[in-house]
Amino acid sequence: ALGLPQESAAPAAGAELTWTVPAGWATETPSSEMRKAQYAIPAAAGDAEGGQCAVFYFGPGQGGDIRSNVDRWATQFTGPGGHPTPAITETMVGGRKVLKVTMEGTYNASTMTGGDAVPKPGTLLLGAIVEGPDSNWFFKCTGPAKTMQEHRKEFDALVESVRFS
């Protein structure tokens, strides 16, 4: 079913989270055990590489609170004058609170969670933290700014599709 959105689900102790993967995003084998799913996002014209979207769930009561995770994501970015301030919006999806996070700068991925150690200037992060019944779920998508802007509507649609069973 090439080009059609696909359903994806990751097992969780208390509740199962499902979402619709955007058409054109390729499902990859997660690069770390902390990742429940991982997708390759096609590069925009002119960008040397595409983006990546990783979904994290650490288990009941694990993974830390929303604020500390947003702060950790911010420390992985540098820009003029230090770490950029993330743009944060709060919304409700499927009856759950979701925090959407956006920031741009030079990305220094955490190798601990399966990232690449090479600093990547001009990276845009599109993130979402979904408040779960037993722990939060994290959608962290990064890539060249042009590529991520081109796929922003798809990211938003993915977030809007999130449901607990």
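Modeller: A residue counts as buried when its relative accessible area is under 20%, and by that rule tryptophan 19, at 0% relative accessibility, is buried in this predicted model.

Colleague: How many of the residues of the protein count as buried, as a percentage?

Modeller: Of its 165 residues, 44% count as buried, while the accessible surface comes to about 7900 Å², with 54% of that area belonging to carbon and sulfur atoms.

Colleague: Which elements does the protein have, and how do they run from the N terminus on?

Modeller: The protein has three helices and eleven strands, and from the N terminus on their order is β-β-β-β-β-α-β-β-β-β-β-α-α-β. Among contacts between residues at least 6 apart in sequence, 54% join residues at least 24 apart.

Colleague: Which residues of helix H1 are buried, and where do they lie around its axis?

Modeller: The general idea is to look down the axis and ask how wide an arc the buried residues span. In H1, which covers residues 66–75, the buried residues are Ile66, Asn69, Val70, Trp73 and Ala74; they fall within an arc of 140 degrees, so they line one face of the helix. Those buried residues pack against strands S6 (77–78), S7 (87–93), S8 (96–107), S9 (120–130) and S10 (137–144). At the N-terminal end of H1, aspartate 65 acts as a cap, with a side-chain oxygen 3.2 Å from the backbone nitrogen of arginine 67.

Colleague: Which cysteines does the disulfide join?

Modeller: Here one reads the distance between sulfur atoms, for which the cut-off is 2.5 Å. A search of the whole structure finds one disulfide, and it joins cysteine 53 to cysteine 141 with an S to S distance of 2.1 Å. Cysteine 53 belongs to strand S5 (residues 51–57) and cysteine 141 to strand S10, so the pair ties together parts that are 88 residues apart in sequence. Cysteine 53 is buried at 0% relative accessibility, and cysteine 141 is likewise buried, with a relative accessible area of 0%.

Colleague: Which aromatic pairs does tryptophan 19 form with tryptophan 137 and phenylalanine 139, stacked or edge-to-face?

Modeller: One reads the angle between the ring planes, and over 60 degrees counts as edge-to-face. The count for the structure is seven aromatic pairs. The rings of tryptophan 19 and tryptophan 137 have centres 6.2 Å apart and planes at 65 degrees, so this pair is edge-to-face. Tryptophan 19 and phenylalanine 139 are also edge-to-face, at 5.2 Å centre to centre and 85 degrees between the planes. Tryptophan 19 lies in strand S2 and phenylalanine 139 in strand S10, so their pair ties together parts 120 residues apart in sequence. Trp19, Tyr57, Trp137 and Phe139 form one aromatic cluster.

Notes. Residues are numbered from 1 along each chain as its sequence is written. This is a predicted model: local features need pLDDT of at least 70, side-chain atom pairs count only at pLDDT 80 or more; totals for chains, interfaces and linings use all residues. Side-chain values use heavy atoms; hydrogens and water are left out. Helices (H or I, at least four residues) and strands (E, at least two) are DSSP runs, numbered from the N terminus. Buried means under 20% relative accessible area, exposed over 50%, partly exposed in between (1.4 Å probe, protein chains only). Contact means heavy atoms within 4.5 Å. Accessible areas come from the Shrake-Rupley method with a 1.4 Å probe; for residues, only the protein chains shown count as cover. The arc is that of the directions from the helix axis to the C-beta atoms. A polar contact is a pair of N or O atoms within 3.5 Å; within protein, one must be able to donate a hydrogen and the other to accept it, and residues adjacent in sequence count only if both atoms are side-chain atoms. Rings of Phe, Tyr and Trp (its six-membered ring) pair if their centres lie within 6.5 Å; planes under 30 degrees apart count as stacked, over 60 as edge-to-face and the rest as tilted.
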